[in-house]
Structures are given as structure tokens and as C-alpha cells.
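Here is a short report on one model. It covers the core, one sheet and the ligand surroundings.

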Amino acid sequence: MLNPVSTRTEDHNVVPSENSLRCLFFECLERDADAWQRRGWAPGLTGWRRYFRLLTFGGYRATALYRLAHWAHTNGIPWVPTTLHEVNQALHGLEMTPSMVVGAGLYMPHTVGSVITAAKIGEEVELQGGITLGMRGAHGFPILDDEVVVSCGARVLGTITVGRGSIIGANAVVIRDVAPCSVMVGVPARALPSRIEQR
Ligand SMILES: CC(C)(COP(=O)(O)OP(=O)(O)OC[C@H]1O[C@@H](n2cnc3c(N)ncnc32)[C@H](O)[C@@H]1OP(=O)(O)O)[C@@H](O)C(=O)NCCC(=O)NCCS
């Protein structure tokens with residue numbers, strides 16, 4: 001059963017997460033690696049060999065740096081989150097807020113030019129390059145539900161929720177809640193009606 005779209009403002013506050021290194025780093029990175037392998041990267045590799053291979057790709061490396069920064073933030077370790085955030089920006093052109101909660105299974109093949117600050121990002125989400133997730137005005141960040149795809153160059157702005165399994169098309173600008181399983185295109189984004197039935 002798909003989650004209904006939430007419009008409650010309090011849902012758009014940053015959600016706390018468990019703070020153990022196992023939960024925040026190793027389990028998430030493992031699920032992230034699974035997501036990459038399902039899409040054909042590092043085929044056939046297992047154990048440490050698959051991590052060594054995946055870490056040669058900027059997108060996976062950036063994800064690992066974010067996971068480490070988030071773990072440090074959650075545990076109140078000073079300097080490390082901001083330093084890793086800056087390193088990620090310098091190495092991968094990615095701004096990804098350490099305090100943000102991102103579910104496991106993140107697939108982010110391109111990072112350059114992306115600015116990612118959401119109230120919460122669900123599990124098995126795909127984020128393409130050059131995207132912006134953030135505030136529309138002075139306050140309020142979006143929530144991305146599980147299995148959402150944000151295509152290259154898209155913007156998702158404000159206190160809105162993108163429902164489970166939705167696809168945000170390339171260069172779309174989303175400023176309203178998105179029902180689950182929608183395909184959104186254009187500026188401002190509108191749903192492709194035929195695609196909702198198919199999904
Ligand atoms: C949104 C998307 C998934 C839709 O794909 P689709 O379901 O196959 O849709 P179609 O290509 O059949 O297009 C359906 C309609 O939407 C329009 N459309 C599709 N994508 C659009 C977009 N990004 N912006 C504006 N209109 C779009 C088409 O022109 C078409 O309009 P028409 O019916 O008036 O002719 C796809 O266009 C897209 O944006 N993919 C993301 C690509 C990406 O990020 N790649 C990563 C590269 S690194």
C-alpha cells in the first residue's frame with residue numbers, strides 16, 4: 001500500500017536517525033552498493049572487491065563521504081561533518097547537507113552541480129546530476145518518499161512531498177506535492193496522466 005502524500009509542516013523537519021556506525025555507515029553503504037550493482041556497475045564482484053571497485057566511481061565515493069559526514073553529525077563529532085561536506089564539494093561538485101537523513105539504497109551516478117538539502121529522503125532513491133532539492137522561499141525542505149527518481153537538472157523546492165515511486169523528469173521544477181507513482185515534467189511540473197496508470 002502506497003503512503004498518502006503528506007502536507008503537514010511538522011513532517012518537513014529533519015528526522016533523527018539511529019547513531020551507530022553500523023546502522024548509518026556500513027548497512028547503508030552495503031545497500032547503496034546493491035543499488036549500484038543492480039544497475040550494472042561492478043558486475044560479479046563481492047565482498048571488499050566490490051567496494052574497492054565502486055569507490056573508483058565519483059558518485060559512490062560522494063555517497064560514502066556523505067554517509068560518514070552524517071554519522072559524525074548524528075554523533076555530535078565537531079568539524080568532521082563540515083570538513084567532509086567541503087571535501088565532497090571540492091572533489092565531486094556536490095553539496096549534500098550532513099544533517100539530512102537519506103535512506104539506504106541511494107543511487108547517485110552523477111554529482112556535479114547538485115545541491116541536495118531535503119527534510120528526508122527515503123530508501124532506494126535515484127538522484128541524477130545537476131539537481132536541486134531545497135527551500136522554495138525562506139523555509140521548508142521537501143520530502144522524497146521511497147523509490148523516487150529525480151532526473152538530471154530537476155528542481156524540487158519547498159515544503160512538499162514527492163510520493164513513493166514517482167519520477168521527476170529532466171529539468172522539471174516541482175513546487176507542489178506529487179502523488180505516488182506520478183511522472184512529472186515541465187515548469188512548473190505537471191503529471192503525465194497516461195504514465196500514472198502504467199505505474
Ligand atoms: C520524464 C521521463 C522519464 C518521461 O519519459 P517517458 O515516460 O518515456 O515519456 P515520453 O518520452 O513518452 O514523453 C511523454 C510526453 O512528455 C514530454 N516530456 C517527456 N520528458 C519531458 C521533460 N523532461 N520535460 C518536458 N516534457 C517532457 C514529451 O515531450 C511527451 O509530450 P507529448 O505527449 O506532448 O509529445 C523522461 O523524459 C526523462 O526526463 N528522463 C530522465 C532522463 C535522465 O535523467 N537521464 C540521466 C542522464 S545522465
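Two residues are in contact if their C-beta atoms, placed from the backbone, lie within 7 Å. The model is predicted.

**Core**

By that criterion, Ile-168 touches Val-149, Val-150, Ser-151, Ala-154, Val-156, Val-162, Val-174, Met-184 and Ala-189, leaving aside residues up to four places away in sequence. Ile-168 is also among the residues with the most contacts inside the largest nonpolar core, together with Ala-118 and Val-174. That core has 49 residues. The elements below each give two or more residues to this core.

| Element | Residues |
|---|---|
| helix H1 | 21-38 |
| helix H3 | 58-74 |
| strand E1 | 94-96 |
| strand E7 | 143-144 |
| strand E11 | 167-168 |
| strand E13 | 183-185 |

H3 supplies the largest share, nine residues. Where does the core lie with respect to domain 1 and domain 2? Domain 1 (1-93) and domain 2 (113-199) both contribute residues, so the core lies between them.

**Sheet**

Five strands form an open sheet in the order E5-E8-E11-E13-E14. The pairing is mixed. Strand E5 (126-127) and strand E14 (190-191) stand at the edges. Each has a single partner strand, so one side of each is left without a neighbour in the sheet. E5 pairs with strand E8 (residues 149-150) in the parallel sense, over two bridges. Glu-126 has Val-149 in E8 as its bridge partner.

**Ligand**

The ligand is surrounded by 15 residues. Ser-151, Cys-152, Gly-169, Ala-170 and Val-185 are the closest. The shell comprises seven nonpolar residues, seven polar and one charged.

Note on methods. Residues are numbered from 1 along each chain as its sequence is written. This is a predicted model: local features need pLDDT of at least 70, side-chain atom pairs count only at pLDDT 80 or more; totals for chains, interfaces and linings use all residues. A nonpolar core is a set of buried Ala, Val, Leu, Ile, Met, Phe, Trp, Tyr and Cys residues joined through C-beta atoms within 7 Å. A residue is buried if 20 or more other C-beta atoms lie within 10 Å of its own, exposed if 12 or fewer, and partly exposed in between; C-beta atoms are placed from the backbone. Helices (H or I, at least four residues) and strands (E, at least two) are DSSP runs, numbered from the N terminus. Domain bounds come from an automatic or database domain assignment. Two strands pair if DSSP finds at least two bridges between them. A residue is near a molecule or strand if its C-beta atom, placed from the backbone, lies within 6 Å of it. Ala, Val, Leu, Ile, Met, Phe, Trp, Tyr, Cys and Pro count as nonpolar, Asp, Glu, Lys and Arg as charged, and the others, Gly among them, as polar.
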